[in-house]
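Colleague: Before I rely on any of the labels attached to this model, I would like to hear the reasoning behind them. Could you take me through them one at a time?

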Amino acid sequence: MMTISSEEFTTRKDRKKMIRVVIQLMIILVVIVIGIFALFTLKTYEVFNQQNTKFSGDKGFVALAYFGVDRVGNQNLIGVDRLREQLQSLKKLGYVTIAQQDVLDYYQSGKVLPEKSLFLIFEDGRRDTAIFSQKILEDLNFKATMLTYPEKFEKKDPKFLMPEELMDLEKTSFWEMGTNGYRLAFINVFDRYDNYLGELNPLERASVAPYLGRKYNHYLMDYIRDEYGVPKESYVKMKERIAYDYEALRDSYTQSIGYVPGMYILMHSNTGSFGNNDRVSAINEYWIKELFKMNFNREGFSFNQRNSSIYDLTRMQPQAYWSTNHLLMRIKYDINQDLEFIKGDLNKYKLWEMLKGALEIQGETMILTSLPKDKGLLRLKNSNDFEDMKLSVRLKGNKLGLQKIYLRADESLNRFLSVYILNNVLYVTEKTGDAEKELFQLNLDQHDGKEILSIPEDKKAAEKRELETFIKYADSVEKAKIYAEQLKDKNLENVPNVADGAEEYVPDLSVQAKGDRLLSLSLKGDKISILVDGREAIKGLSVSDTKAGSVYLETAWGGYGWSQRNLADDVYDGVFEKLIITENTGAEKEKILFDSRMQGFDAVESKAKQLWEALINWSVVNL
């Protein structure tokens, strides 16, 4: 047996350590270089050129407001690559950005705006938004408004931009300032079981958010009320409370950056006025017109025209999961004008017959975007004689919505077999005559073995979370002790489960809930078998029609679902990744009929890029 001396062992250990340090230093250097290019600018914003910009009468303007920007994106913050693709697409369509003064001149002095005018907004004043969007604005020559909460200036929260940073942004010429209001807070909050929670700050609300419905309000929108809806404050107190926040906003901006931003977004939107109560609305209206030059009072639609009030503007808030065509589809139907969708890989795009909606193909992924409150539909060319087959695809569209595969379909879709996931339920149907007949249905939560809760069990979980939150954020030891006793009692409380006969709790499906299902099916003769995520969903299900036919893909809006925001969105992105179709003859190696996977050098390059991105992401988090 070979032995290693302690000296040799130490040498090897030091060598490995040295290699690890060198790799870490290289990664840190790359991250620093990326940061330098993101943070420093050498360009200056150029106002749209009168000679090179198209003007053709009054076409209004489109307003988009992003919550924030992250390097790779998450549930709320759009990834930098997706943001670039969206804004770049608008640039190619001829859009130019307009500034706050352009909007003022449009409404106050009848100025004619460019035919394709974009007013671009980033909300919440996050530092990462400035870092990751700056280079995009420079490259596209776009100008944007950064909104902030001045309360954050006092707390010096590292996630948010401070006044000196805001002034530096202005100096780049690509930014101007706006405000979301002094602070973010919530009043008159109830959970989904109508338990009264009262007033919550953002951290408290985030803690109990899984158990909230839509029954709460922003603190400027109404009187502060008790559990019976009775105001807990007089008119005078309400007026003083609201006035205090506007005065605090005014003073904070004046002291920190030297002026009050002219653009405001009243939170929450879509109240029909400036609040949910006429007397509250009147107070807000006074202060809005006293302090600001314009106000975005509505959300959900992007198009603003001259007949609107400058204090009742609307903006669309693109969600982090929207594809570029999703955004373009929404804009198209807002402005009621034609525009060109992006297609991506044209060679792969030509393999499909586009029938409805819009299709983008990037790498191994096909994104089929539906029409508003309608569907997206395409047919695989040269698939009209497909009969027995195996098919595999990863469906990555959000859970709320339809992703459907038609098999053995005729040209008019009067005859077909279909497999689809609609709102997280798997269906198999067929049509051989007038009506589509359901053959099979499976709730995918049940397929996952997800625990089934009763309504009483979920209600208890909600109340426990709320008490835990009240303990954590109690403003005195005495209150914390009271809540702790209540939590102790709640933990000891026995509630019936479904087995005891209690009604099952069926959660509302969120519009943001991500989907990711590997669907594998085998169709041979009059039998179909399906695996979902590698586990059997159905085996040997009988079908009646065995005639050959085409493969179609369809997507559709699945209903508004549960959402505190973006209720106007009625477009859906179906995402079909790594679609593979082979014959099903029983041969050891089946003939490939269609394969969307990347091949050869493209596959190697894509894998290398994924590994590099993963390494950078790990470095950002851990180094």
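Colleague: Which residue takes a positive phi in the hairpin of strand 16 and strand 17, and how many residues lie between the strands?

Modeller: In this model, which is a predicted one, the residue is Gly363, whose phi is positive and near 60°, and the hairpin has 2 residues between its strands.

Colleague: How do you know that strand 16 and strand 17 pair?

Modeller: Pairing requires at least two bridges found by DSSP, and strand 16 (residues 358–362) is joined to strand 17 by 5 bridges in the antiparallel sense, so the two count as paired. Within this pairing, Ile361 stands opposite Met366 of strand 17.

Colleague: What joins strand 17 to strand 28?

Modeller: Here too there are 5 bridges, running antiparallel, between strand 17 and strand 28 (residues 573–583), and because two would be enough, this pair also meets the criterion. Met366 appears again, with Phe576 as its bridge partner in strand 28.

Colleague: What makes strand 17 mostly covered?

Modeller: Of the 5 residues in strand 17 (residues 365–369), 5 are buried, where buried stands for a relative accessible area under 20%. In a regular strand the side chains alternate between the two faces of the sheet. For strand 17, Thr365, Ile367 and Thr369 are buried on one side, and Met366 and Leu368 are buried on the other, so that both faces are covered.

Colleague: Why is Ser323 called buried?

Modeller: Its relative accessibility is 3%, and since the limit is 20%, Ser323 falls under it and counts as buried. Ser323 is placed in the loop between strand 14 (313–315) and helix 10 (324–335). Leaving out residues up to four places away in sequence, Ser323 touches Arg82, Gln86, Ile367, Thr369 and Asp573.

Colleague: What makes the approach of Ser323 to Thr369 a polar contact?

Modeller: The side chains of Ser323 and Thr369 are 3.5 Å apart in this contact, and the cut-off is within 3.5 Å for N or O atoms of which one can donate a hydrogen and the other accept it, so the pair qualifies.

Colleague: Is Ser418 buried or exposed, and why?

Modeller: Ser418 has 0% relative accessibility, and because buried means under 20%, Ser418 is buried. Ser418 belongs to strand 21 (residues 416–422), and, apart from neighbours within four places in sequence, is in contact with Lys404, Ile405, Tyr406, Tyr427, Val428, Thr429 and Glu436.

Colleague: How far apart are Ser418 and Thr429, in sequence and in space?

Modeller: They are 11 residues apart in sequence and 5.2 Å apart from C-alpha to C-alpha. Their side chains also make a polar contact at 2.4 Å.

Colleague: In which sheet is strand 21 found, and what is the order of strands?

Modeller: Strand 21 is part of an open sheet of 7 strands in the order 15-18-27-20-21-22-23, paired antiparallel.

Colleague: Why are strand 15 and strand 23 called edge strands?

Modeller: Strand 15 (352–356) and strand 23 (436–443) each pair on one side only. For strand 15, 4 bridges lead to strand 18 (residues 375–380), antiparallel, and Met354 has Leu378 as its bridge partner there.

Colleague: How many cavities of 30 Å³ or more are there, and what lines the largest cavity?

Modeller: The structure holds 3 such cavities, and the largest encloses about 70 Å³ of space. Its lining residues include Lys59, Phe61, Tyr95, Glu115, Phe303 and Gln337.

How values were computed: Residues are numbered from 1 along each chain as its sequence is written. This is a predicted model: local features need pLDDT of at least 70, side-chain atom pairs count only at pLDDT 80 or more; totals for chains, interfaces and linings use all residues. Side-chain values use heavy atoms; hydrogens and water are left out. Helices (H or I, at least four residues) and strands (E, at least two) are DSSP runs, numbered from the N terminus. Buried means under 20% relative accessible area, exposed over 50%, partly exposed in between (1.4 Å probe, protein chains only). Contact means heavy atoms within 4.5 Å. On a 1 Å grid over the protein atoms alone, a cavity is a set of points where a 1.4 Å probe fits but cannot get out, and a pocket is an open set with protein on both sides within 12 Å along at least five of seven lines; lining residues have an atom within 4 Å of a point. Grid points are joined across faces, edges and corners, and a volume is the space filled by probe spheres set on the points.
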